[in-house]
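This report introduces a structure to a reader who has not met it before. The sequence and the model are shown first, and the description follows.

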Amino acid sequence: MNAPDETQPSSAHAESSVGDNRLVVAISSRALFDMGSSHELFERDGLDAYRTYQIEHEDELLKPGVAFPLVQKLLGLNKLSGDLPAVEVILLSRNSGDTGLRIFNAIQHYGLGISRAAFTSGAPTSDYIAPFKADLFLSANAEDVGRALRAGVAAATILPSIAPPRSTEQLRIAFDGDAVIFGDEGERVSQEQGLDAFHRNETELWAEPLSGGPFRGFLSALHRLQAAFPAETSPIRTALVTARSAPAHKRVILTLRRWGVRIDEALFLGGRDKGPFLDAFGADIFFDDSPANVESARRVVATGHVPHGVSNS
């Protein structure tokens with residue numbers, strides 16, 4: 001799959017949107033379920049010990065992982081009445097089909113509508129993202145996430161996070177701006193030339209749309225799903241949570257308007273800690289490229305690190 005340019009979605013995404021308009025999310029088993037102890041066993045004692053352990057504990061229920069509530073809400077959108085675009089969740093796992101039986105037992109127990117999967121027996125899972133036409137890939141494996149990003153797919157490493165249960169059934173997703181929704185050109189100016197140069201640059205280029213970042217295609221697919229509902233009663237709510245502040249806000253707003261994408265809430269924090277604001281928004285997940293920001297955010301919300309752009313070079 002080729003990376004999307006500034007104005008067009010990738011060909012795989014275009015084909016998906018023209019074909020069946022599904023929102024497709026691919027997720028790893030360690031992001032979906034709590035498999036920390038068995039993964040530690042694998043790293044310490046190797047594949048044979050891991051395989052034996054999983055088969056011996058095949059009937060022992062796996063506990064929900066960090067991204068489990070997000071997946072529940074995504075799949076819950078399919079239960080809403082009306083002629084709506086569907087959501088599909090695909091399981092991509094480095095387990096084998098043999099050891100993966102325990103994972104499907106848990107999927108069945110929790111009533112998750114997941115029927116498609118790829119088990120790769122330790123090989124990278126990212127090669128199967130494009131054939132499944134996934135709009136988003138979530139994994140606890142940073143290597144697989146990096147491969148997906150290089151292939152032009154929105155992807156994030158799910159970090160160990162404190163993800164409190166949310167009282168609302170509404171799906172709430174928050175995004176950083178630069179190097180996530182947008183390209184990292186502004187972030188490069190800020191880091192290389194300083195904040196004053198960044199604001200001067202954004203003021204001079206206010207009428208020029210920002211380039212698209214790795215999550216532009218996913219945001220567009222999510223917006224298509226949102227557009228099936230009245231704005232005031234939508235089961236999906238989005239937020240842009242960015243360190244930008246005025247006057248750098250104007251270019252962001254005009255870029256989203258040109259893309260035809262709706263963001264429900266826009267928080268321009270001017271460098272303030274994002275954690276309290278994400279908690280106030282009630283985010284089910286937050287995506288950010290900055291290692292410092294994700295360390296702060298994961299204390300209060302489920303967090304995906306997007307290892308893209310100058311902050312990760």
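A residue is called buried when its relative accessible area is under 20%, and exposed when that area is over 50%. The model described here is a predicted one.

By this rule, helix 9, which spans residues 195-204, has A197, F198, H199 and E202 among its buried residues. The cover over the buried residues of helix 9 includes helix 8 (185-193) and helix 11 (249-259).

R299 is placed in the loop that connects helix 13 (291-297) with strand 12. Because its relative accessibility is 57%, R299 counts as exposed. From C-alpha to C-alpha, R299 lies 9.8 Å from P276, although the two are 23 residues apart in sequence.

**The sheet and two helices that pack on it**

Ten strands make up an open sheet with mixed pairing, and their order across the sheet is 5-4-1-6-7-12-11-8-9-10. Strand 5 (117-119) and strand 10 (265-268) are the edge strands, each of them pairing on one side only. On average, and with direction ignored, neighbouring strands of this sheet are turned by 20 degrees against each other.

Within the sheet, strand 11 (residues 285-288) and strand 12 (residues 303-305) run parallel and are joined by three bridges; F287 has G304 as its bridge partner in strand 12. Two helices that pack on the sheet are set out below, each with the strands it touches and its angle to one of them.

| Helix | Strands touched | Angle between directions |
|---|---|---|
| Helix 5 (residues 68-76) | strand 1 (23-28), strand 4 (87-93), strand 6 (136-139), strand 8 (171-175) and strand 11 | about 145 degrees with strand 4 |
| Helix 10 (residues 216-226) | strand 1, strand 4, strand 6, strand 7 (154-158), strand 8 and strand 9 (236-242) | about 145 degrees with strand 9 |

**The nonpolar cores**

The largest nonpolar core holds 66 residues, and of these L32, F33, L138, F215 and F287 touch the most other members. Domain 1 (23-156) and domain 2 (171-312) both contribute residues to this core, so the core lies between them. F287, one of those five residues, is also the residue whose bridge partner in strand 12 is G304.

Which residues are in contact with F33, leaving aside its neighbours within four places in sequence? They are L62, K63, P64, G65, F68, I103, A106, I107, Y110 and L112. There is also a second, separate core, made of eleven residues, with A239, L278, F281 and F286 among them.

Conventions. Residues numbered from 1 in each chain as written. Predicted model: local features only at pLDDT ≥ 70, side-chain atom pairs only at ≥ 80, totals over all residues. Heavy atoms only, no water. Pairing = 2+ DSSP bridges. Helix = DSSP H or I, 4+ residues; strand = E, 2+ residues; numbered from the N terminus. Axes fitted to C-alpha atoms, helices over the stretch in contact; angles between N-to-C directions. Contact = heavy atoms within 4.5 Å. Buried < 20%, exposed > 50% of the residue type's maximum accessible area, 1.4 Å probe, protein only. Core = buried A, V, L, I, M, F, W, Y, C linked by side-chain atoms within 4.5 Å. Domains from an automatic or database assignment.
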